[in-house]
Amino acid sequence: MSSNKLRKITLFSLTWPIFIEILLHMLMGNADTLMLSQYSDNAVAAVGVSNQVLSVVIVMFGFVAQGAAILIAQHLGANNRKQAREITVTAISLNLLFAIVLSTALFLGTKEILQLIDLPLEIMDEASSYMKIVGGLIFIQALIMTVGAILRSYGFTKDTMSVTIGMNILNVIGNYIVIFGPFGFPVLGVEGVAYSTAISRFIGFLFIFYLLLKRSQEKMDFSNFFRYQKQHIKPLLQIGIPSAGEQLSYNASQMMITYFVAQLGTLAITTKVYAQNLMMFIFLFSIAIGQGTQILIGHMIGAGKMEEAYQRAIKSLKISIVISLSIATIAYLFSDSLLGIFTNNPSIIETGGALLLMTIILEPGRAINIVMISSLRAAGDVKFPAYIGIAVMWGIGVTIAWFFSIYLHLGLIGIWISFIADEWLRGMFMLRRWKKRNWVSMSFVDSEENKPSTF
């Protein structure tokens with residue numbers, strides 16, 4: 001991949017395509033559900049529940065992709081391009097193998113999985129049909145995630161953004177055809193939506209894989225596709241497993257907190273959903289900055305530029321805090337209008353407004369957490385964020401959520417207090433860890449390998 005390209009990448013050039021890509025995932029991720037609402041409520045429920053199960057599986061695919069992204073960035077920074085290419089091939093192969101196993105399990109065990117979560121019988125057939133198709137072919141999503149992470153590490157964030165746009169357009173067109181049946185096309189409902197999702201992903205993979213080959217300055221060696229080398233597998237797992245464990249733990253802790261909210265009643269559930277929908281657009285900026293910073297720091301660490309890496313993280317942190325604080329304040333000031341998009345219930349609007357006020361305190365803490373975890377991982381310090389994250393999520397986040405919302409009867413206010421405590425405490429741990437510079441000696445690229453970087 002062009003060394004000229006690597007010289008030009010900046011935080012902004014990396015971040016804005018990542019921002020657009022994640023925004024599209026947020027806006028279009030529920031396209032199946034939104035369009036199916038015109039078909040039937042049972043179809044919406046069936047696809048919604050199936051996607052909850054599938055989202056857990058997709059998180060598991062991320063552990064190889066995450067490891068590959070960090071390793072490749074470090075090797076590119078050290079100008080070890082041959083090693084970067086070898087890791088690329090190994091990561092694609094490893095995640096394909098892992099994904100095929102999970103895809104097979106989903107296809108063969110669909111009904112058993114859905115029965116485990118007590119899915120109502122009236123939507124079992126539709127949910128099963130959707131999961132068999134999308135779940136059975138979900139290895140395609142694993143490949144997209146892996147190749148996308150690799151391209152981002154090389155600095156080609158626009159490529160992954162473009163493929164995401166294309167996939168979403170194809171998916172919406174496919175959904176329209178199978179749900180509304182234009183030009184005499186048969187209405188296929190849930191099964192059709194499943195095929196639309198799978199086909200759009202397959203076409204997306206073909207394009208993103210083509211871009212990977214096109215961007216390669218040197219030819220990828222796929223002759224050793226299933227011949228794994230210990231020196232590549234070991235660091236991939238060392239990075240990926242803790243990162244995936246932390247993400248799975250976070251999802252599980254959020255499900256537990258949702259369980260507490262469910263005890264507060266339907267109105268509380270609805271209010272939380274609407275408030276968090278708005279919050280997602282606030283911390284989206286921090287996620288994009290965090291991912292862009294991770295790529296930059298990975299290159300700097302590989303090149304042995306430790307002080308530059310340190311300062312890069314601090315600068316990114318300041319930018320993320322200012323942006324998230326500003327957007328959260330604007331969201332609160334216009335909370336009535338924003339919540340009014342979803343509902344005209346005065347109780348939801350009033351409570352939601354209070355939650356968005358608390359979000360002004362919450363989001364800077366989340367910004368610290370996101371950016372510093374990304375920076376630590378990029379430097380090779382992957383275990384600390386995972387261990388601290390899991391301990392604080394459950395020891396502080398879940399515990400405080402129960403104590404304030406259920407025991408002290410503060411309802412959603414108590415839930416938001418737990419969010420604030422969780423994000424700020426984890427953020428402070430991560431910032432302190434970064435400032436102590438333990439990560440300086442944790443690079444996955446040996447110092448003697450460092451050469452003058454093209455970065």
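## Leu408 and the nonpolar surface patch

A residue is called buried when its relative accessible area is under 20%, exposed when that value is over 50%, and partly exposed in between. In this predicted model, Leu408 has a relative accessible area of 39% and is therefore partly exposed. Leu408 lies in the loop that runs between helix α16 (383–407) and helix α17 (412–436).

Leu408 belongs to a nonpolar patch on the surface, which it forms with Trp402, Phe403, Tyr407 and Leu410, and together these residues have about 470 Å² of accessible area. Some of these names return in an aromatic cluster, which is made up of Trp402, Phe403, Phe404 and Tyr407.

## Salt bridges between separate elements

A search of the whole structure finds 11 salt bridges. One of them joins the side chains of Lys111 and Asp125, with an N to O distance of 3.9 Å. Because Lys111 lies in helix α6 (residues 110–116) and Asp125 in helix α7 (residues 124–136), this pair ties together parts that are 14 residues apart in sequence. Lys111 is partly exposed, with a relative accessible area of 40%, whereas Asp125, at 56% relative accessibility, counts as exposed.

Another salt bridge is formed by Arg433 and Asp381, whose closest N and O atoms are 2.7 Å apart. The pair links distant parts of the chain, since Arg433 lies in helix α17 and Asp381 in the loop between α15 and α16, 52 residues apart. Arg433 has a relative accessible area of 16% and is buried, and Asp381 is likewise buried, with a relative accessible area of 2%.

## A salt-bridge network that includes helix α15

Within helix α15 (residues 346–379), Arg366 and Glu363 are 3 residues apart, which is about one turn of the helix. An α-helix has 3.6 residues a turn, so residues three or four places apart point the same way. The side chains of Arg366 and Glu363 meet in a salt bridge of 3.0 Å, N to O, and both residues are buried.

Arg366 and Glu363 are also part of a wider arrangement, a network of salt bridges that links them with Asp422, Glu423 and Arg426.

## Aromatic pairs and charges over rings

The structure holds 12 aromatic pairs. Among them is the pair of Phe63 and Phe98, which is edge-to-face, with 5.3 Å from centre to centre and 70 degrees between the planes. This pair links distant parts of the chain, with Phe63 in helix α4 (residues 41–77) and Phe98 in helix α5 (residues 81–108), 35 residues apart. Phe63 counts as buried at 13% relative accessibility, while Phe98 counts as partly exposed at 25%.

Two rings have a charged side-chain end over them. The charged end of Lys132 sits over the ring of Phe107, 4.6 Å from the ring centre, and the charged end of Arg437 sits over the ring of Tyr310, 3.8 Å from the ring centre.

## Helices α7 and α9

The length of a helix can be checked against the rise expected for its residues. For α7, the 13 residues should span 18 Å at 1.5 Å a residue, and the end C-alpha atoms are 17 Å apart, which agrees. The buried residues of α7 are Met124, Ala127, Ser128, Tyr130, Met131, Ile133, Val134, Gly135 and Gly136; Asp125, the partner of Lys111 in a salt bridge, counts by contrast as exposed.

For helix α9 (residues 157–180), the 24 residues should span 34 Å by the same rise of 1.5 Å a residue, and the end C-alpha atoms are 35 Å apart, which agrees. Just after α9, Gly181 takes a positive phi of about 60 degrees.

## Positive phi outside glycine

Asn79 has a phi near 65 degrees, a positive value in a residue other than glycine. Asn79 is placed in the loop between α4 and α5, and at 26% relative accessibility it counts as partly exposed.

Arg437 also has a phi near 65 degrees, again a positive value in a residue other than glycine. Arg437 is found in the segment after α17 and is partly exposed, with a relative accessible area of 30%; its charged end is the one that sits over the ring of Tyr310.

Methods. Residues numbered from 1 in each chain as written. Predicted model: local features only at pLDDT ≥ 70, side-chain atom pairs only at ≥ 80, totals over all residues. Heavy atoms only, no water. Patch = residues over 30% accessible without salt bridge, like charges linked within 9 Å, V, L, I, M, F, W, Y side chains within 5 Å. Areas by Shrake-Rupley, 256 points an atom, 1.4 Å probe, with all protein chains shown as cover. Salt bridge = Lys/Arg side-chain N within 4 Å of Asp/Glu carboxyl O. Helix = DSSP H or I, 4+ residues; strand = E, 2+ residues; numbered from the N terminus. Buried < 20%, exposed > 50% of the residue type's maximum accessible area, 1.4 Å probe, protein only. Expected span 1.5 Å × (residues − 1). Phe/Tyr/Trp six-rings, centres within 6.5 Å; stacked < 30°, edge-to-face > 60°. Lys NZ or Arg CZ within 6 Å of the ring centre and 35° of its normal.
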